[in-house]
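Dear colleague,

I am passing the structure on to you with this message, and my notes on it follow below. Please read them with the coordinates open beside you.

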Amino acid sequence: MKVPKEIQEAIKIAGESFRIARDNEKIVRDWLDSKGYEENDTVADQFIDCIECGSNCPNLFIEFLKSY
């Protein structure tokens, strides 16, 4: 199959972006775990909804944590 150059570039960027996102996700999850919040369903649900589901609402999650 012929893969257009722009598709090849998009695949490369997506792969690198995903790796960066996963690295940062681990930093946040490790920090939450160190604070004892990793197993808290409310915190975990907010993290998933604001960050992992692709809704791109990091400020909402930060504000949630500040008020928690």
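**Cysteines, aromatic rings and the first helix**

Cys50 is buried, with a relative accessible area of 3%, whereas Cys57 counts as partly exposed at 28% relative accessibility. Please keep in mind throughout that this is a predicted model.

I began with these two residues in order to settle the question of disulfides, and the structure holds zero of them. The closest cysteine sulfur to that of Cys50 is the one in Cys57, at 5.6 Å, which is too far for a bond, given that a disulfide requires the two sulfur atoms to lie within 2.5 Å. Seen from the other side, the sulfur of Cys57 likewise has that of Cys50 as its closest cysteine sulfur.

The aromatic residues came next, and a search of the whole structure finds four aromatic pairs. One of these is formed by Phe47 and Phe61, whose rings are 5.3 Å apart centre to centre with 65 degrees between the planes, an edge-to-face arrangement. This pair links distant parts of the chain, since Phe47 belongs to helix H2 (residues 41-52) and Phe61 to helix H3 (residues 58-67), with the two residues 14 residues apart. Both Phe47 and Phe61 are buried. In another pair, Phe64 and Tyr68 have ring centres 5.1 Å apart and planes at 40 degrees, so this pair is tilted. Of its two members, Phe64 counts as buried at 16% relative accessibility, while Tyr68, with a relative accessible area of 43%, is partly exposed. These four residues, together with Tyr37, form one aromatic cluster.

Turning to helix H1 (residues 5-34), I compared its length with what its residue count would lead one to expect: at 1.5 Å a residue, its 30 residues should span 44 Å, and the end C-alpha atoms are indeed 44 Å apart, so the two values agree. H1 is followed by Gly36, which has a positive phi, near 85 degrees.

Finally, there is a nonpolar surface patch of about 460 Å², made by Met1, Val3, Ile7 and Ile11. Of these residues, Ile11 lies in helix H1 and counts as exposed, at 55% relative accessibility. When you look at this patch, it may help to recall that an α-helix has 3.6 residues a turn, so residues three or four places apart point the same way.

With best wishes

Notes. Residues numbered from 1 in each chain as written. Predicted model: local features only at pLDDT ≥ 70, side-chain atom pairs only at ≥ 80, totals over all residues. Heavy atoms only, no water. Buried < 20%, exposed > 50% of the residue type's maximum accessible area, 1.4 Å probe, protein only. Phe/Tyr/Trp six-rings, centres within 6.5 Å; stacked < 30°, edge-to-face > 60°. Helix = DSSP H or I, 4+ residues; strand = E, 2+ residues; numbered from the N terminus. Expected span 1.5 Å × (residues − 1). Patch = residues over 30% accessible without salt bridge, like charges linked within 9 Å, V, L, I, M, F, W, Y side chains within 5 Å. Areas by Shrake-Rupley, 256 points an atom, 1.4 Å probe, with all protein chains shown as cover. Salt bridge = Lys/Arg side-chain N within 4 Å of Asp/Glu carboxyl O.
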